[in-house]
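Student: Could we walk through this one together? I'd like to start with the sheet and then see what packs on it.

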Amino acid sequence: MNSNRIVIIDQDAAFIQTVTNYFKSIGIEVFSTGDGIEGYRMAKDVKPGVVILDTDLPNLSGFQVCRLLKGDDRYQHIPVVLHPFVEGCSRCDLLLGWLF
């Protein structure tokens with residue numbers, strides 16, 4: 001696990017950009033995708049310090065990605081932050097408020 005890396009799996013390009021800009025500004029390497037299968041593979045390859053994961057993804061839901069990571073002894077130690085879409089609320093504010 002590399003605590004200087006995060007993986008963001010989300011379909012919202014603006015969300016990814018905002019979160020990426022923040023983490024890069026504090027020296028964290030960011031990897032991102034909008035697809036569940038690609039994100040799962042990315043998390044396995046990168047072995048990040050945390051995975052930020054939307055619940056609603058194409059090809060493999062965020063819940064399924066989480067279940068696969070947590071069901072594998074090699075990756076179950078990686079923290080996963082699941083975040084749903086919340087109408088009328090900035091997901092960036094929710095996530096950053098939760099993390100910090």
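**The sheet and its helices**

Tutor: Sure, and keep in mind that this is a predicted model. It has an open sheet of 4 strands in the order 2-1-3-4, with parallel pairing.

Student: Which strands are the edge strands?

Tutor: Look for strands that pair on one side only. In the order 2-1-3-4, those edge strands are strand 2 and strand 4 (80-83).

Student: How many bridges join strand 3 to strand 4?

Tutor: These two run parallel, and L53 stands opposite L82 in strand 4. The number of bridges joining strand 3 to strand 4 is 4.

Student: At what angle does helix 2 run to strand 1?

Tutor: Helix 2 lies across strand 1, strand 2 and strand 3. Its angle to strand 1 is about 175°.

Student: Why are the buried residues of helix 2 on the same side?

Tutor: The buried residues in helix 2 (residues 36-46) are G36, G39, Y40, M42, A43 and V46. They share one side of helix 2 because the arc they cover around the axis is only 165°.

Student: What covers the buried residues of helix 2, and which exposed residues does the face turned away carry?

Tutor: The cover includes strand 1 (2-9), strand 2 (29-33), strand 3 (48-54) and helix 3 (62-70). Exposed here means over 50% relative accessible area. On the face turned away from the buried side, the exposed residues are R41 and D45.

Student: Which residue has a side-chain oxygen reaching a backbone nitrogen at the start of helix 2?

Tutor: The backbone nitrogen belongs to I37, and the oxygen comes to within 3.0 Å of it. The residue supplying that side-chain oxygen is D35.

Key:
Residues numbered from 1 in each chain as written. Predicted model: local features only at pLDDT ≥ 70, side-chain atom pairs only at ≥ 80, totals over all residues. Heavy atoms only, no water. Buried < 20%, exposed > 50% of the residue type's maximum accessible area, 1.4 Å probe, protein only. Arc of directions from axis to C-beta. Contact = heavy atoms within 4.5 Å. Polar contact = N/O pair within 3.5 Å; in protein donor to acceptor, adjacent residues only side chain to side chain. Pairing = 2+ DSSP bridges. Axes fitted to C-alpha atoms, helices over the stretch in contact; angles between N-to-C directions.
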